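Subject: Structure handover

Hello,

Here is the structure I said I would pass on. Please look it over before reading the notes underneath.

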Protein chains: 2
Amino acid sequence: MSNKIFDAILTQAITKVKTEKQQKIVESAIQLFAEKGYSNTSTAEIAKASGVSEGTIFKHYGTKDKLLLSVILPFVSELFPYMAQELIKKTMSENTTTFEQFLRSLIKDRVEFVTENREIFQIVVKEIVYKDELKKELLPYALANIPPIFKKVLEEFRERGELVDLPADKILKNLVTFLGGFFVSRFLLIDDFNVSEEEIEDAIQFVMNGLRNPQNNALE
Amino acid sequence: MSNKIFDAILTQAITKVKTEKQQKIVESAIQLFAEKGYSNTSTAEIAKASGVSEGTIFKHYGTKDKLLLSVILPFVSELFPYMAQELIKKTMSENTTTFEQFLRSLIKDRVEFVTENREIFQIVVKEIVYKDELKKELLPYALANIPPIFKKVLEEFRERGELVDLPADKILKNLVTFLGGFFVSRFLLIDDFNVSEEEIEDAIQFVMNGLRNPQNNALE
DNA sequence: TTACCTAGTAAGTGATTACTCACTTATGTG
DNA sequence: CACATAAGTGAGTAATCACTTACTAGGTAA
């Protein structure tokens, strides 16, 4: 993460034993932040919703900002580094699957994860869009960690002749653009409570084949 | 728009002659809302930035919310209804182009428009994500107006054999997902000051052909 | 018991919030 | 000019904000 404060909050959020009231605080904060946004949620509201005095929140979390971070950070740290390892495992193994199969399992896996943590996902997206400081911390982190690994995987599949003959950067850019749009639209704009198999399959076909009719002779 | 308050604010924002101070207020509001978000910008800040007393803002706009709307509404009303008419014009004319050409001119045109209004675009996206009320007003409006027209166009091209043999709904869903991701990532996440021709061309190729290597015999 | 720690509380704190109001100044218009 | 209307002001306002502080209660260990 390359950020000491972030590290401290993250390890504390994961390791520290929480009291009942502390859990209630986090639960209420998640629900309220997801619904109304961080800036539009007051600490008084969180206190009331979790049946706790306002002082208790500050005893445990110090500031409202740190409360937000102890909600967000465990999620993002599980969202990304996981991907790195799993990606390599899934592609570089000997009994390699096709790129389409790889993409399918990746999407399904992450859809499941985000479905289980939809409220926190909503908070993360909202605040990355809204709070510049958070964007400036999280975006470079994501951009520095994900692309390199992803690129390797893409290059591997391209060498096997499965992918279009384009630089991995370009492939990645468009893939991330589409997947980003997919997750944000399904989990944030429309609060779809389950993304169907069919929809996932349609998305995969779109990524693989695009919109052009393969029978069409007017190629190029 | 189907909303009387919205209509009133929109027509007033467009038709009413503005004083110098009023223009300064709107300019400063746009800049501040885009940078820090609506919720994190106080009317006092706007007043100071535009060299005007706070009272003046409320004299003209009544509430902070109405000020936001008079910034946003002219933009969205120009972003969408335009598309409807132009879309039909561009596709249904006799000397019809290919779908790829249609897509190219659509993207280039809207990239230009958003580039010219990037700050307002940022405000709109931020507040749709953040303010539930706005999302609930604007999203149904967009969903009710755009898909029907778009669908017609897509069906036209599909009948010509240019597009994959899928229902227009499904094609549209993935296309909108990608284009949404494209605009948001380029104009909001990365504040790209000009989206290059090359990047647009890559996006078009992705939408048309997907990622699969056409020479690959492992089709299906 | 004594001493100490942690969890939790209730009542504050000053600063900031969106908004109001009584008022002055400018701009026409008959 | 006289008078009306609109534009603009700045000092308020109550409410709300994140955060603090002095405190109690209960468990633990020497």
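The notes below go through the fold, the protein interface, the symmetry and the DNA contacts in turn.

This is a predicted model, in which local features need pLDDT of at least 70 and side-chain atom pairs count only at pLDDT 80 or more, while totals for chains, interfaces and linings use all residues. Residues are numbered from 1 along each chain as its sequence is written, chains are lettered from A and ligands numbered from 1 in the order in which they are written, and side-chain values use heavy atoms, with hydrogens and water left out.

Fold of chain A

Chain A has 10 helices and zero strands. Helices (H or I, at least four residues) and strands (E, at least two) are DSSP runs, numbered from the N terminus. The C-alpha trace of chain A spans about 70 × 35 × 30 Å along its principal axes.

Over all chains, a search of the whole structure gives 30 salt bridges; the term stands for a side-chain nitrogen of Lys or Arg within 4 Å of a carboxyl oxygen of Asp or Glu. One of them joins the side chains of Lys131(A) and Asp65(A), at 2.8 Å from N to O. Lys131(A) sits in the loop between helix H7 (118-130) and helix H8 (132-159) of chain A, and Asp65(A) in helix H5 (residues 64-92) of chain A, so the pair ties together parts that are 66 residues apart in sequence.

Interface of chain B and chain A

On each side of this interface the count is given by contact (heavy atoms within 4.5 Å): 47 residues of chain B touch 47 residues of chain A. The two chains bury about 4,400 Å² between them, 54% of it on carbon and sulfur atoms. Buried area here is the accessible area (1.4 Å probe) that two parts lose on being put together, summed over both. Tyr130(B), Leu211(B) and Arg212(B) supply 20% of the area that chain B buries against chain A, more than any other three residues.

The rule finds eight salt bridges across the interface. The side chains of Glu198(B) and Lys170(A) meet in a salt bridge, with 2.6 Å from N to O. There are also 36 residue pairs in polar contact across the interface, both residues at pLDDT 80 or more. A polar contact is a pair of N or O atoms within 3.5 Å; within protein, one must be able to donate a hydrogen and the other to accept it, and residues adjacent in sequence count only if both atoms are side-chain atoms.

On the chain B side, the elements that give two or more residues are helices H2 (20-36), H6 (99-116), H7 (118-130), H8 (132-159), H9 (168-189) and H10 (197-209). H9(B) gives the most, with 13 residues. By class, the residues on this side divide into 20 nonpolar, 12 polar and 15 charged. Ala, Val, Leu, Ile, Met, Phe, Trp, Tyr, Cys and Pro count as nonpolar, Asp, Glu, Lys and Arg as charged, and the others, Gly among them, as polar.

Symmetry

Chain B is superposed on chain A by a rotation of 180° with 0.0 Å of shift along its axis (RMSD 0.1 Å). The two copies are thus related as by a two-fold rotation axis. The same surface serves both copies, as 100% of the contact residues of chain B recur in chain A. The fit is by least squares on the C-alpha atoms of residues with pLDDT of at least 70 in both.

DNA strand D

A residue is near a strand if one of its heavy atoms lies within 4 Å of it. DNA strand D is surrounded by 16 residues, the closest being Lys64(A), Lys21(B), Thr56(B), Lys59(B) and His60(B). Of the strand D atoms within 4 Å of the protein, 58% belong to sugar or phosphate and the rest to bases. A side-chain N or O atom of Lys21(B) is 2.8 Å from a phosphate oxygen of strand D, and a backbone N or O atom of Ser53(B) lies 3.0 Å from a phosphate oxygen of strand D. H4(B) gives the most to the surface near strand D, with four residues.

DNA strand C

Around DNA strand C there are 15 residues, of which Lys21(A), Thr56(A), Lys59(A), His60(A) and Lys64(B) come nearest. Sugar and phosphate account for 61% of the strand C atoms that come within 4 Å of the protein. A polar side-chain atom of Thr56(A) lies 2.6 Å from a phosphate oxygen of strand C. H4(A) provides the largest share of the surface near strand C, four residues.

Regards
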